[in-house]
Each structure stands twice: as structure tokens, then as C-alpha cells.
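Let's take a walk through this fold, one piece at a time. Have the viewer open and follow along.

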Amino acid sequence: MTVAATAEREQRSGEQEHLDVLIVGAGVSGIGAAHRLREQFPDRSFVILESQDNHGGTWWTHRFPGIRSDSDLFTYGFRDKPWSGPSIAEGGAIREYLQEMIDEDDLAGHIRYHHEVTALRWSSDDARWTAEVTRTDTGEQLQMSASFLWMCQGYYNHDEPYIPEWPGTERFEGTIVHPQTWPDDLDYADKRVLVIGSGATAATIVPAMAKTAAHVTMLQRSPSYWFPAPTVHELATMLEPLDLPAEWTHEILRRTYTQQLDWLATTGRDDPDQLHEFLVETIRPLLPEGTDVDKHFTPAYRPWQQRIAFVPDGDFFERMREGKVSVATDKIEDFTEKGVQLASGEVIEADIIVTATGFNLAVFGNIPFSVDGEPVDFSQRVTWHGLMISGVPNMAYAFGYFRHSWTLRVDLVNDVIGRIFERMAERGASTVVPTLRPGDEDMPLLPWSNPDNFNPGYVMRSQDRMFKQGDREPWTHMHEHDHDRVALPAADLDDGLQYR
């Protein structure tokens with residue numbers, strides 16, 4: 001009998017459903033976790049709970065024009081699932097890739113859509129988690145329990161995008177829309193569009209809207225770094241006539257892109273001036289003649305202190321050269337009936353204003369946790385290697401990279417979780433909990449993200465709510481891939497973990 005059939009039978013009989021593993025989130029991380037269970041622990045029962053009505057996470061909830069990856073799919077894709085399309089892919093293609101994984105691993109019967117987790121409670125006496133769940137389509141309240149909890153819900157607060165408070169927004173007579181809540185019926189053909197923000201979303205949405213809009217202006221308070229990555233790597237073009245097995249091509253390109261990302265990350269850390277010059281000079285010849293590069297495209301911060309805006313084939317700059325896109329760098333003074341007045345006194349008129357101003361982070365989906373009846377304040381806990389939390393038993397979480405592809409780290413994290421499952425089985429343990437060692441209790445609690453290392457607005461706005469890290473191993477995270485690919489496979493599973 002399948003897990004889904006068993007669940008249906010238990011719910012009909014009024015019994016609480018119990019699982020070996022409960023996965024929260026049916027996006028990239030959750031599907032990757034389920035794949036690992038299928039591959040390494042085929043006898044374990046599991047279910048994926050997803051509050052949305054379909055899989056894909058961000059790739060399902062974000063519907064704005066041009067939605068695409070801002071990293072290559074050979075590293076954003078999974079190690080065990082070759083990617084065969086262009087290096088940069090649209091959201092729909094990524095969801096198709098995930099659907100293939102669901103089909104190949106027979107996961108459809110394990111995914112419960114419209115299931116929103118509203119509370120998670122751990123009982124040491126029972127050595128299990130109890131999840132309070134609401135059916136978002138029917139309002140039904142459910143309970144289920146699990147021996148192990150795998151949080152794969154990502155870090156977005158999908159319900160509350162970040163929108164600054166600007167004066168006079170109520171006076172604007174046009175349409176204001178945030179990319180995270182994009183309406184299906186928004187018609188921007190032949191309209192004047194103002195996009196506020198210059199991050200990854202703006203880098204995507206501006207060239208997409210400019211295809212049919214009358215004109216698109218991107219307004220930024222300060223410049224960002226940009227990188228015109230090719231949609232198809234030249235190496236992929238060279239390999240195509242060789243008719244290699246898909247696995248070979250995938251691995252060759254995966255290693256190539258990993259090396260490129262490693263160079264960008266480590267150069268930003270070790271020689272930021274070199275990377276600054278490389279990034280600025282790479283885009284200079286792509287800009288329209290007369291562009292004020294210092295004003296609009298020369299950031300004041302160190303490269304990689306914030307995300308680099310990747311622009312496939314430089315399409316953003318192509319739209320600029322065509323006269324379809326312009327860039328303004330200034331602060332908003334006020335909203336008017338027809339647009340926005342800047343601090344300089346200039347007025348940018350628009351029919352539609354897109355607030356590509358970022359998002360807010362959510363700590364484990366903003367789900368309240370408790371351990372033996374005591375609420376868990378994550379802001380006072382520290383991470384164990386960036387995949388478990390001190391004092392929280394039998395719970396792992398998936399968190400990727402900001403500077404590399406997310407999934408490069410998720411694959412490494414899944415390896416460690418698999419090793420932990422095996423260690424628990426070897427010891428006959430039902431519980432594993434990260435526990436500070438003697439001498440660690442008084443170590444300083446450092447911010448989740450060191451502002452000198454990585455400080456975009458969405459991270460800084462959430463620092464007070466996020467869990468912390470320590471000043472020593474194994475209580476640190478936010479390392480680069482060149483560190484993790486060595487450190488995580490070698491992580492000592494007895495260092496900072498207690499089994500019972």
C-alpha cells in the first residue's frame with residue numbers, strides 16, 4: 001500500500017498519521033530531500049507538505065514577466081539529475097525539470113498540496129514531532145506526527161513582500177504592483193513602466209517588460225554589480241556535435257560553472273578590487289554611448305557584499321541600446337498623480353510602477369516551534385554546520401548559497417543528513433540533537449550573516465529574527481562552496497551532536 005493510501009485509511013479511521021520523515025515544502029529543496037530518501041532509505045515513510053497548490057516553490061509563486069534563474073542550471077540542477085537545456089532557464093522549464101524528478105521517483109503520491117503547517121511540537125517522551133496542519137482549500141484542521149522533520153520551505157515570506165513606505169503613493173493614478181504578487185491580467189503593452197529597484201528581480205523584469213512596453217525606466221538608490229552571463233555556454237556549443245551521454249555533458253558543464261562561481265566568490269573575498277574592475281569593465285562596452293558608468297553602474301560596496309545581477313546574454317543592456325530602457329539613480333522624494341518625483345527635482349512619469357524592492361525572510365516559514373512544551377526562540381539558538389539548530393532534536397533544514405547556486409549546497413547538506421540517519425541506525429538512537437559542548441555555552445552569538453561579508457537589505461532587515469552562529473566550528477555557516485565541498489563531507493557527526 002502506498003504512503004498516500006495509508007494516510008487516507010488512517011485519516012478515515014480517525015487515527016493520527018505517523019511518518020518516519022516529514023518534509024515541509026515541495027520546491028527544489030523538498031523534492032531533493034525526497035529524492036535522497038527514495039535513493040538511500042527506500043523503506044522509510046515520508047510525506048511532503050506544501051501550502052501552495054502545486055510544486056516548485058518560488059518557481060510557482062513568482063509569476064512576473066521573464067521569471068528565470070539567475071544562476072546556471074548545471075549547478076542549480078541536482079547532481080543526480082542531468083540538465084540538458086540552456087544554461088539559464090525560465091521558471092516554467094525549471095518546474096518541468098522538477099516534474100521529471102517527481103515522475104522518476106514516483107513522488108506524486110507523497111506530496112500533499114494545500115497543506116499549511118501552522119505549528120510544530122517535539123515530545124522527548126514520544127521521540128516525535130507533531131505537526132498542526134490546515135487544509136488551505138477546505139479549512140480542515142489535521143494532525144500528523146513524524147520521527148524526523150526536514151524543513152525545506154526556503155527563506156521567502158511569500159505572504160508579505162517588502163515595500164518601503166513612500167510619501168504620496170495614494171495620489172498615484174496608475175497601477176502599483178509588487179513582483180511577488182503579480183496579477184495575471186496586468187496589461188503593460190505600450191505603457192510607460194517605472195521599476196523601482198536594481199537587484200535580481202529588476203534585472204529579469206525590466207528587459208522582459210521592455211519587449212512590449214512603450215518604455216521602462218529602472219530607478220535605483222545606488223548601483224548594483226552586473227554580469228552578462230551567456231544563456232548557452234560556449235563549451236556546451238562545442239560539446240553538442242560530439243553526441244556525448246547527457247551525464248557526461250552535465251558533469252563537464254557543472255564543473256566548469258562551479259569553477260567560474262568559485263572564482264567570482266573567492267576573488268570577491270581575496271581581491272575585491274580586481275573583481276570590481278572586472279565586473280564594471282565587462283559591461284562598459286555593452287552600454288549605450290554616453291552612459292554615466294560611475295553614476296549608474298559603479299557600486300560603492302565591495303563586490304559580492306550583495307548579490308550580483310546576472311543578465312543572460314546582456315539582454316538588459318541590449319534593451320538600453322535600443323532606447324527601450326533607461327536607468328535613473330536617485331532617491332524618491334514623493335509620488336505624484338503621474339509618477340515619482342526624485343530628490344533632484346526630476347519627475348518620472350509612468351502608467352505602471354513596479355516595486356522590485358525585495359522581500360522579507362521567514363524563519364522556517366514563520367511556523368511556531370516548541371520542544372517539550374517550551375517555545376523555541378530561534379534568535380537565541382545557533383546553527384550546527386548550517387543544517388541543524390542547537391537544542392532542536394531530529395530537525396534538519398535545507399539552506400543553499402547566495403553566491404553559488406542554491407542546489408550545490410543542498411546536495412551537500414542531503415549527504416550529511418543521510419550520514420546522520422545511518423549513524424542513528426548504527427547506534428540504535430531515536431533522537432539526535434545538536435548540543436553545545438563544554439566551553440561553548442559562553443561563546444559569543446554572532447549574527448546569522450556578518451554584514452561585512454554579505455549585507456543586502458532583505459538579510460539586514462531580518463537579522464534580529466534569524467538564528468545565530470558561533471565563533472568556532474561546528475557552529476558556523478555562510479561559507480563558500482570551496483570550503484563546504486571539503487568540510488561538509490568530512491563533518492564529525494560526534495562533534496556537537498548527541499544521540500539517545
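In which sense do strand 13 and strand 14 pair, and over how many bridges? Strand 13 pairs with strand 14 (residues 339-342) in the antiparallel sense, over three bridges. Keep in mind as you look that this is a predicted model. To find your place in the pairing, look for Phe 335, which sits opposite Val 340 in strand 14.

Now step back to the sheet that holds this pair. It's an open sheet of three strands, in the order 13-14-15, with antiparallel pairing. Strand 13 (332-335) and strand 15 (347-349) are at the edges with a single partner strand each, so one side of each has no neighbour in the sheet. From one strand to the next, the twist averages 25 degrees.

Next comes another open sheet, this one of five strands. Its order is 7-16-8-9-12, and the pairing is parallel. Here the edges belong to strand 7 (175-177) and strand 12 (325-329); each has a single partner strand, so one side of each is left without a neighbour in the sheet. The twist averages 20 degrees as you go from one strand to the next.

Inside that order, have a look at strand 8 (residues 192-196) and strand 16 (residues 352-355): they run parallel and are joined by four bridges. Val 193 is a handy landmark here, standing opposite Ile 352 in strand 16. Then bring in helix 6 (residues 200-210), which packs on the sheet and touches strand 8, strand 9 (215-220), strand 12 and strand 16. The direction of helix 6 makes about 160 degrees with that of strand 9.

Strand 4 is worth a stop too, with two pairings to trace. Strand 4 (residues 115-123) runs antiparallel to strand 5 (residues 128-135), and eight bridges join them. Ala 119 faces Glu 132 across this pairing, standing opposite that residue in strand 5. The two strands form a hairpin with four residues between them, and Ala 127 in the turn has a positive phi of about 50 degrees. Strand 4 is also joined to strand 17 (residues 369-371), this time running parallel, through three bridges. In that pairing, Leu 120 stands opposite Phe 369 in strand 17.

On to a helix pair. Helix 8 (residues 246-270) and helix 9 (residues 272-283) pack at an angle of about 125 degrees, and their axes are 5 Å apart. The two helices are therefore oblique to each other. On the helix 8 side, the contact is made by Trp 263, Leu 264, Thr 267, Gly 268, Arg 269 and Asp 270, while helix 9 brings Pro 272, Gln 274, Leu 275 and Phe 278. Sorted by class, that contact has five nonpolar, three polar and two charged residues.

Finally, what about the empty space? Rolling a probe the size of a water molecule over the atoms shows where such space is left. The structure holds six cavities of 30 Å³ or more, and the largest cavity has about 170 Å³ of space. It is lined by 17 residues, of which Gly 400, Tyr 401, Phe 402, Met 478 and His 479 are the closest to its centre. By class, the lining of the largest cavity has eight nonpolar, five polar and four charged residues.

Definitions and conventions: Residues are numbered from 1 along each chain as its sequence is written. This is a predicted model: local features need pLDDT of at least 70, side-chain atom pairs count only at pLDDT 80 or more; totals for chains, interfaces and linings use all residues. Side-chain values use heavy atoms; hydrogens and water are left out. Two strands pair if DSSP finds at least two bridges between them. Axes are lines fitted to C-alpha atoms, for helices over the stretch in contact, and angles run from 0 to 180 degrees between N-to-C directions. Contact means heavy atoms within 4.5 Å. Angles under 35 degrees count as roughly parallel, over 145 as roughly antiparallel, 65 to 115 as roughly perpendicular and the rest as oblique. Ala, Val, Leu, Ile, Met, Phe, Trp, Tyr, Cys and Pro count as nonpolar, Asp, Glu, Lys and Arg as charged, and the others, Gly among them, as polar. On a 1 Å grid over the protein atoms alone, a cavity is a set of points where a 1.4 Å probe fits but cannot get out, and a pocket is an open set with protein on both sides within 12 Å along at least five of seven lines; lining residues have an atom within 4 Å of a point. Grid points are joined across faces, edges and corners, and a volume is the space filled by probe spheres set on the points.
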